[in-house]
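Me: I am new to this structure and would like to learn how to read it. Could you take me through it one feature at a time?

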Amino acid sequence: MTRLALNHAAFTNGVSQLHGEVTKKMFSHLYPSIPLEEIPIHSVTNGVHTESWVAPEMRGLFEKYIDTNWVDNISDPCRWKRVYTIPDQELWETHQILKGRMIKFVQNNIYRRMDRNFQPLELIRECAGYLSKNVLTIGFARRFATYKRAYLLLKDRERLARLVNHPERPVQIIYAGKAHPADLPGQELIKMVNDISLEERFRGKIVFVEDYDINVSRHLLQGVDVWLNTPRRPHEASGTSGQKAAVNGVINCSILDGWWPEAYNGENGFAVGAERDYENEEVQDREDANSLFDLLEQVIVPYYYRRVEGMPREWVRRMKDCLATIPWKFSTERMVKEYTRRFYLQAALRGKAFSADQCRLAGQIQEFKKLLTENWHHVSFRSVQVHQPPVLKEDAEIFVQAEVSLGPIQPQDIVVEVVYGKVSDHGLDKITLMPMRLVQALENNVYQYETNIVLIRGTSGYALRVRPNDTNFVHQFELPLVKWAENL
Ligand SMILES: *Cc1c(COP(=O)(O)O)cnc(C)c1O
């Protein structure tokens with residue numbers, strides 16, 4: 001299905017920068033003669049519909065301190081700087097109201113489940129005392145797909161118990177989520193969370209909310225203090241719930257996967273683990289779990305409980321950093337604008353041009369593609385001559401000459417070019433292209449080309465290639481035919 005879609009789409013993109021890179025690698029076998037960097041897969045990072053996820057009370061603050069018409073221009077970063085004018089007290093009190101509402105909602109959810117399941121009356125009565133407004137509250141709500149690793153904190157129960165039951169600075173955690181009906185490991189995970197929540201030492205401090213849906217999601221991400229995301233990097237294409245949390249000044253604590261590397265600036269949230277790839281999933285789990293516990297114990301918890309005249313000033317500062325830097329960028333407004341500007345307008349114009357005049361242009365391009373595909377085996381380099389200084393260094397000038405045989409293909413149908421950049425494991429990186437000029441036609445459909453290139457800093461290799469050229473292509477590899485000169 002992916003291949004079918006890739007072959008038929010004019011534009012292809014991942015839903016975060018990292019996802020775009022991962023997608024290129026995953027499907028590089030479909031573009032065997034194209035350098036990884038040039039594979040025509042782009043990225044547009046997801047955003048959320050701000051108005052749908054912001055709490056009414058928070059919205060009130062935005063109207064008062066950003067602009068009464070703040071929703072008319074959500075993707076403008078300048079206006080969001082005004083969140084720093086919200087008095088700390090007002091922002092904190094608003095957050096506490098949302099937290100209180102969320103806790104009631106969760107208590108009620110648990111109460112109904114216990115009641116339905118004929119739990120003992122003492123236990124049912126206990127729910128009203130579950131969770132506290134004065135305790136640092138972590139939310140984790142998402143599909144229970146195993147790659148999202150809801151189990152990460154549950155790997156070390158002793159350490160978790162110490163965190164949750166700390167005498168002065170306790171922590172409480174709310175889990176919610178569903179697993180796919182066919183995802184048995186995911187369902188096991190839910191069972192594990194639920195079992196843990198029933199242990200004496202965790203009761204009322206680690207809770208599981210059933211029936212995860214938009215309403216549950218909304219309450220949690222408007223009312224917790226920290227939104228936790230622990231995917232196995234780089235499996236999270238984008239992730240969006242953290243963006244919804246940020247709209248409410250809820251601070252993200254996440255693995256640097258999906259959208260988070262683009263948003264995290266060291267001040268506006270917390271990053272778990274390293275920005276690296278792992279061979280071994282167990283090692284990755286262990287290191288990420290350790291990193292998360294360390295971060296919670298040494299940074300997040302002390303930070304949250306540091307009070308100045310009863311107010312967590314530094315925490316509120318971080319909430320403002322989050323509001324100033326995240327919602328404008330990870331909004332559907334920015335996203336849709338980006339899709340429109342980069343893809344939709346071009347695609348629409350091309351669609352219009354194609355269909356005009358009884359699809360004349362579409363017919364022409366189809367003919368062109370057919371001609372090139374059928375005759376591409378005729379294309380070859382007859383000879384390549386390079387005049388270069390003995391040592392390749394910055395600013396070195398290289399003169400390149402080539403004779404190219406085209407068969408029935410015409411010179412205006414192709415581009416001959418020098419591709420230069422940095423040699424890496426997968427060919428060339430940081431690529432620069434220099435088209436070669438046609439000097440003369442020799443006999444038997446052989447053509448002579450030449451050019452000069454000046455090596456820029458960091459260049460360590462170059463290559464020559466021929467590729468189709470059509471000004472109506474949306475990108476240079478719409479017809480992914482390339483012929484490289486060998487033995488350079
Ligand atoms: C936002 C949302 C999701 C997606 O969240 P991720 O962080 O991408 O996993 C899933 N379900 C509901 C109900 C949501 O609101």
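Reply: What follows looks at the ligand and its surroundings, and then at a sheet; please keep in mind that the model is predicted.

Me: Which residues surround the ligand?

Reply: A residue is counted here if one of its heavy atoms lies within 4 Å of the ligand. In this model the ligand is surrounded by Trp53, Arg142, Lys148, Tyr212, Asp213, Ile214, Ser217, Gly239, Thr240, Ser241 and Lys244. Sorted by class, this shell holds three nonpolar, four polar and four charged residues.

Me: Which side chains have an N or O atom paired with an oxygen atom of the ligand, and at what distance?

Reply: A polar contact is a pair of N or O atoms within 3.5 Å. Among the side chains with such an atom, serine 217 has one 3.0 Å from an oxygen atom of the ligand, while for serine 241 the distance is 2.6 Å, and for lysine 244 it is 2.6 Å.

Me: How much of the ligand's accessible area does the protein cover?

Reply: On its own the ligand has 390 Å² of accessible area, and the protein covers 80% of this. The elements that contribute two or more residues to the shell are α10 (214-223) and α11 (241-247).

Me: In what order do the four strands of the open sheet lie?

Reply: Their order is β12-β11-β15-β16, with antiparallel pairing. Because β12 (427-435) and β16 (483-484) each have a single partner strand, they stand at the edges, and one side of each is left without a neighbour in the sheet. Strand β11 (residues 414-424) is joined to strand β15 (residues 461-468) by eight bridges, and valine 416 has valine 466 in β15 as its bridge partner.

Note on methods:
Residues are numbered from 1 along each chain as its sequence is written. This is a predicted model: local features need pLDDT of at least 70, side-chain atom pairs count only at pLDDT 80 or more; totals for chains, interfaces and linings use all residues. Side-chain values use heavy atoms; hydrogens and water are left out. A polar contact is a pair of N or O atoms within 3.5 Å; within protein, one must be able to donate a hydrogen and the other to accept it, and residues adjacent in sequence count only if both atoms are side-chain atoms. Accessible areas come from the Shrake-Rupley method with a 1.4 Å probe; for residues, only the protein chains shown count as cover. Ala, Val, Leu, Ile, Met, Phe, Trp, Tyr, Cys and Pro count as nonpolar, Asp, Glu, Lys and Arg as charged, and the others, Gly among them, as polar. Two strands pair if DSSP finds at least two bridges between them.
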